[in-house]
2 protein chains.
Amino acid sequence: MSQAAKTPRASSADAAILQVLRPELRHLTSKQIHTAVRKQLPAISLVTVYRSLERLARAGQVSISDMGTGAVVYARVTESLHHHLICQDCGGIVTIEHAEVGRWFAALSRRHGFKVTTNHLVLFGLCAGCQATHR
Amino acid sequence: MSQAAKTPRASSADAAILQVLRPELRHLTSKQIHTAVRKQLPAISLVTVYRSLERLARAGQVSISDMGTGAVVYARVTESLHHHLICQDCGGIVTIEHAEVGRWFAALSRRHGFKVTTNHLVLFGLCAGCQATHR
DNA sequence: TTTTCACTTGCAAAGATTTGCGTCTGTGCG
DNA sequence: CGCACAGACGCAAATCTTTGCAAGTGAAAA
């Protein structure tokens, strides 16, 4: 009734999805995850994958990002968080460490009392090369 | 050339969309924009609205943001850029000035030679109130 | 052990966004 | 003026993601 603790409730889908995402460094689409998870749970539906991913994201275990590829991609959140800068011209991707972003998030927290939980930031722009080309 | 105001369908949808977005401070969905633009161009299709918005976004005149409401929202980019911090618990929205974000973007530019063009950032997290509730 | 109840899942359907393709239009050029 | 080309549009169809509803399941309560 009044206890604030949630019941994690063993969901086979969640475990299987984390299993699939564990060894992957690259971000996977819902389709790819569904295909991979089927090896463990042949009958699992794509809808369940979506719902499971949303659940895991809410729990901070998975990141959901739109990298501008047409389909959203998901990745397991690890200790070594990273973020991406994507060049809208050449499609090049620059990876930056979390420390650099975390410092700024901390500043936001101090100034606005808002604790950012976004764990994978994607910023679009122009890489050094394309900026040169553009002038 | 001559008049640009009454061409039945040959004129670009871009102008009509900017017209619709101009007075709005709030972000509109593709559906809402489509409905509004129809008053000027009754025959315009939703697909054209999407393509036009993408074009305008590429030109830096419109921002595209996923505020977690189920549908992406679009807004006209003005001189007074702003960004949002959205509480994933209560849905509350904190608006922050661009200056605060721009400083960080400038730092990224110095460090990585990457010029961010994202003009409306949305970060999810917990507001001060909900952080307190969560403890 | 049985009951309870919130959470999970599937299926079908809805909603949102993108893409393929053929047509039409405005622009620059000869 | 007439032509060629690139870009804009509409329509239909494909994708991607979410939602409504009914049924299944597990953990804690009774």
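A nonpolar core is a set of buried Ala, Val, Leu, Ile, Met, Phe, Trp, Tyr and Cys residues joined through side-chain atoms within 4.5 Å. The exercises below concern a predicted model.

**Exercise 1. Determine which residues have the most contacts inside the largest nonpolar core, and which elements supply this core.**

Solution. Step 1: the largest nonpolar core has 28 residues, and A:Leu123 and B:Leu123 have the most contacts inside it. Step 2: in chain A, β4 (82–87), α4 (98–112) and β7 (122–126) each supply at least two residues of this core, and β4 (82–87), α4 (98–112) and β7 (122–126) of chain B do so as well. Step 3: the neighbours of A:Leu123, not counting residues up to four places away in sequence, include A:His84, A:Leu85 and A:Ile86 from chain A. From chain B, A:Leu123 touches B:Trp104, B:Phe105, B:Leu108, B:Phe114, B:Val116, B:Thr118 and B:Leu121. Step 4: a second, separate core has 16 residues, among them B:Ala13, B:Leu28, B:Leu53 and B:Tyr74. As background, nonpolar side chains in soluble globular proteins tend to be buried together.

**Exercise 2. Identify the relation between chain A and chain B.**

Solution. Step 1: chain A is superposed on chain B, with an RMSD of 0.2 Å, by a rotation of 180° with 0.0 Å of shift along its axis. Step 2: this is therefore the relation of a two-fold axis. Step 3: the same surface serves both copies, since 100% of the contact residues of chain A recur in chain B. Step 4: within chain A, the residue that comes closest to the rotation axis is A:Trp104, whose C-alpha lies at 3.7 Å.

**Exercise 3. Explain why A:Cys130 forms no bond with A:Cys87.**

Solution. Step 1: a disulfide requires two cysteine sulfur atoms within 2.5 Å. Step 2: the closest cysteine sulfur to that of A:Cys130 belongs to A:Cys87 and is 3.7 Å away, which is too far for a bond. Step 3: A:Cys130 counts as buried, at 10% relative accessibility. Step 4: B:Cys127 is likewise in no disulfide, the nearest cysteine sulfur being that of B:Cys87 at 3.7 Å. B:Cys127 counts as buried at 18% relative accessibility. Step 5: the count over all chains is 0 disulfides.

**Exercise 4. Locate the buried and exposed faces of helix α2 in chain A.**

Solution. Step 1: in α2 (residues 30–37), the residues A:Ser30, A:Ile33, A:His34 and A:Val37 are buried. Step 2: these residues lie on the same side of α2(A), because they cover an arc of only 100° around the axis. Step 3: an α-helix has 3.6 residues a turn, so residues three or four places apart point the same way. Step 4: the cover over the buried residues of α2(A) includes α1 (12–21), β1 (28–29), α3 (46–58) and β3 (73–76) of chain A. Step 5: the face of α2(A) turned away from the buried side carries A:Lys31 and A:Thr35, which are exposed.

Methods
Residues are numbered from 1 along each chain as its sequence is written. Chains are lettered from A and ligands numbered from 1 in the order in which they are written. This is a predicted model: local features need pLDDT of at least 70, side-chain atom pairs count only at pLDDT 80 or more; totals for chains, interfaces and linings use all residues. Side-chain values use heavy atoms; hydrogens and water are left out. Copies are superposed by least squares on the C-alpha atoms of residues with pLDDT of at least 70 in both. Contact means heavy atoms within 4.5 Å. Buried means under 20% relative accessible area, exposed over 50%, partly exposed in between (1.4 Å probe, protein chains only). Helices (H or I, at least four residues) and strands (E, at least two) are DSSP runs, numbered from the N terminus. The arc is that of the directions from the helix axis to the C-beta atoms.
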